[in-house]
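Open the model in your viewer and keep the selection box at hand. This tour goes stop by stop, with something to select each time.

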Amino acid sequence: MADLSIEVDRAEGSASVRLDGDLDKLTAPRLKKILGELIAAGHVSIVIDTAALAFCDSSGLWVLVEHQREVGERGGSFGLTGVQGVLRRVLDVTGLRAVFDSVQLSAAS
């Protein structure tokens, strides 16, 4: 069974979210709920740390893209850090890297 650990650090208007594990169709709804709650609470500057993300499928990618769009509509920013492995390849192949306000690759990739 896939598992995803999600840790959130909140500050005034911003949030840092660390993902550890697999972001897929089973775990994406949990991340979607958390990001929706953050945005609703006014946290519109969001950074997602994906350094410990082992896997990301299209469901997980869609959650990230969807919330990038929502944050952008509110004048905020949505970035990814520690991008490596499957997520990096998917962002490169699909051209979706350009969708995000910032994408920082992992030093290990």
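Helices and strands here are DSSP runs, helices of at least four residues and strands of at least two, numbered from the N terminus. The model is predicted.

**Stop 1: helix H1**

Select residues 28-40, which form helix H1. The 13 residues should span 18 Å at 1.5 Å a residue, and the end C-alpha atoms are indeed 18 Å apart. Now colour the buried positions: Ala28, Leu31, Ile34, Leu35, Leu38 and Ile39. They cover an arc of only 135 degrees around the axis, so they sit on the same side of H1. The spacing has a simple background: an α-helix has 3.6 residues a turn, so residues three or four places apart point the same way.

Turn to the face of H1 that points away from the buried side. It carries the exposed residues Lys33 and Ala40.

What do the buried residues of H1 pack against? Show strands E1 (4-11), E2 (14-23), E3 (45-56) and E4 (77-83), then add helix H2 (58-73); the buried residues of H1 pack against these five elements. Before leaving, step past the end of the helix to Gly42. Gly42 follows H1 and has a positive phi, near 95 degrees.

**Stop 2: Ser14, in strand E2**

Select Ser14, which is placed in strand E2. Is Ser14 buried or partly exposed? With a relative accessible area of 23%, Ser14 counts as partly exposed, because buried means under 20%. Draw a distance to Ser45. The two C-alpha atoms are 4.4 Å apart, although 31 residues separate Ser14 and Ser45 along the chain. Beyond its neighbours within four places in sequence, Ser14 is in contact with Asp9, His43 and Ser45.

**Stop 3: helix H2**

Move to H2. Its 16 residues reach 22 Å from first C-alpha to last, close to the 22 Å expected at 1.5 Å a residue. Colour the buried set: Gly60, Leu61, Val63, Leu64, Val65, His67, Gln68 and Val71. Their cover includes E2, H1, E3, E4 and H3.

Now pick Ser58, also in helix H2. Ser58 is exposed, with a relative accessible area of 58%. Draw a line from Ser58 to Leu87: 29 residues apart in sequence, 9.7 Å apart in space, C-alpha to C-alpha.

**Stop 4: Cys56, in strand E3**

Select Cys56, in strand E3. Cys56 is buried, at a relative accessible area of 5%. Which residues does Cys56 touch, not counting those up to four places away in sequence? Show Leu23, Leu61, Val86 and Leu87. For another distance, try Glu37: Cys56 and Glu37 are 19 residues apart in sequence, and their C-alpha atoms lie 21 Å apart.

**Stop 5: the cavity**

Rolling a probe the size of a water molecule over the atoms shows where empty space is left. The count here comes to 1 cavity of 30 Å³ or more. The largest cavity has a volume of about 30 Å³.

Select its lining: Leu53, Ala54, Phe55, Cys56, Gln84, Gly85, Val86 and Leu87. Strand E3 and helix H3 (85-94) each supply at least two residues of this lining. E3 gives the largest share, 4 residues. Colour the lining by class: 6 residues are nonpolar, 2 are polar and none is charged. Cys56 from the previous stop is in this lining, as are Val86 and Leu87, which Cys56 touches.

Definitions and conventions:
Residues are numbered from 1 along each chain as its sequence is written. This is a predicted model: local features need pLDDT of at least 70, side-chain atom pairs count only at pLDDT 80 or more; totals for chains, interfaces and linings use all residues. Side-chain values use heavy atoms; hydrogens and water are left out. The expected span of a helix is 1.5 Å times one less than its number of residues. Buried means under 20% relative accessible area, exposed over 50%, partly exposed in between (1.4 Å probe, protein chains only). The arc is that of the directions from the helix axis to the C-beta atoms. Contact means heavy atoms within 4.5 Å. On a 1 Å grid over the protein atoms alone, a cavity is a set of points where a 1.4 Å probe fits but cannot get out, and a pocket is an open set with protein on both sides within 12 Å along at least five of seven lines; lining residues have an atom within 4 Å of a point. Grid points are joined across faces, edges and corners, and a volume is the space filled by probe spheres set on the points. Ala, Val, Leu, Ile, Met, Phe, Trp, Tyr, Cys and Pro count as nonpolar, Asp, Glu, Lys and Arg as charged, and the others, Gly among them, as polar.
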